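Visitor: I'm new here, so could you take me through one part of this structure up close? I'd like to see how a pair of packed helices meets.

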Amino acid sequence: MIEDTHKILDGETPTENSGPKWGRLLIWGGLLILMGILAVGLKRTQEGPVQPGQAAPEFVLTSFDGEIFNSANYAGKVIVLNFWASWCKPCEQEAADLELAWLEYKDRGDVIFLGVDYVDTEPEALGYLTKFNISYPNGPDLGTRISQAFRIRGVPETYIIDQEGILSHVQIGPFTSLAQIKSVIDPLLQP
Amino acid sequence: MKKHSSFILYHSPFILLVLVLAILALPMTALAQDANPDTPTDDDINAIASEMFCPVCENVPLDVCGTQACAQWRALIGEKLSQGWTENEIKQYFVDQYGDRVLAEPPRTGFNWLVYLVPPVAFIIGAYVLFRGIQSWRQIEPETAPLPAETAITDDYVARLEDELRGSDW
């Protein structure tokens, strides 16, 4: 490069030793692609959780019983998607209230509760479900696909998805009461 | 009864020897149970755990991670080892459950290849750029050589100064 500059200053054309053009193009192209990948990765990590008003990511949850729940099949229903783990102490604060809420809504048929067990071991997870008498469907987050789709930052987090598949509420941290849970679900339901 | 007593007395040294040997054998049996090959040691578990990361505790290897989640994972590794699973089978189980990111060394597939290719390629490119730079600097060097002595002498001011210095009686 410096050589070329000197040649240009001396009135010469920098044709010799300027290196193959395809090589430079390849290097610059590779650098651009790499920077693009890094930028996309950085953007994703900086985005934070999916926000209310955005379309909720589609997901498939296989429960501990082997039943498959595909979010696409629940159009027209409110989905309460709760991320939890057996090692998570704050999750225990809301476990009983979530179960109570489920018992209140389950006969209506227009609300479904789903529990996603995040980065957990099955025996401990099943022990947790038994301990809190949780009866709504729960399953492991296989490959952490669901938590990655929702870009969760930790547990517990709860996502309320309305009948159109739009996220209506994001609860970071535990619900503090049954009334709080109902206050975010009731406005979405027909009277 | 008398016959029975005399039998015991006659054989008492032998019975005593058997009893002593049995007592001595007890701790050995306990040791043998401790070294049961089916029970994985902490070292066995940590050998696998050191090559894994729990997604909850980023950048902390599983073998030294102090959270309850990591303790549960280590217990699960121990359980799988005692069931006769191999290291690769255990790692694959965790990958299936929690994704590739649990592995300290990502599998050589898809975008993961970037992890292995980018550093050596960047090094080669850097070395090439440095080599070219050094080549260029070497070729420029003669142009920055000092001016010939004659040029300096033609300077009137310097010549006069030197004359005066030579003429002065210091």
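Guide: Sure, let's go straight to the spot where they touch. Asp97(A), Leu98(A), Leu100(A), Ala101(A) and Tyr105(A) in α3(A) meet Leu178(A), Ile181(A), Lys182(A) and Ile185(A) in α6(A); being in contact here takes C-beta atoms, placed from the backbone, that lie within 7 Å. By class, this patch has 7 nonpolar, no polar and 2 charged residues, where Ala, Val, Leu, Ile, Met, Phe, Trp, Tyr, Cys and Pro count as nonpolar, Asp, Glu, Lys and Arg as charged, and the others, Gly among them, as polar.

A quick word on the source: this is a predicted model, in which local features need pLDDT of at least 70 and side-chain atom pairs pLDDT 80 or more, while totals for chains, interfaces and linings use all residues. Residues are numbered from 1 along each chain as its sequence is written, with chains lettered from A and ligands numbered from 1 in the order in which they are written.

Back to our pair: α3(A) covers residues 89-105 and α6(A) residues 178-185, and they pack at about 50 degrees with axes 9 Å apart. Axes are lines fitted to C-alpha atoms over the stretch in contact, and angles run from 0 to 180 degrees between N-to-C directions. That angle makes α3(A) oblique to α6(A), the label left once under 35 degrees is roughly parallel, over 145 roughly antiparallel and 65 to 115 roughly perpendicular.

Stepping back, chain A has 6 helices and 7 strands, which are DSSP runs (helices H or I, at least four residues; strands E, at least two) numbered from the N terminus. Their order from that end is α-α-β-β-β-α-β-α-β-α-β-β-α.

Definitions and conventions:
Two residues are in contact if their C-beta atoms, placed from the backbone, lie within 7 Å.
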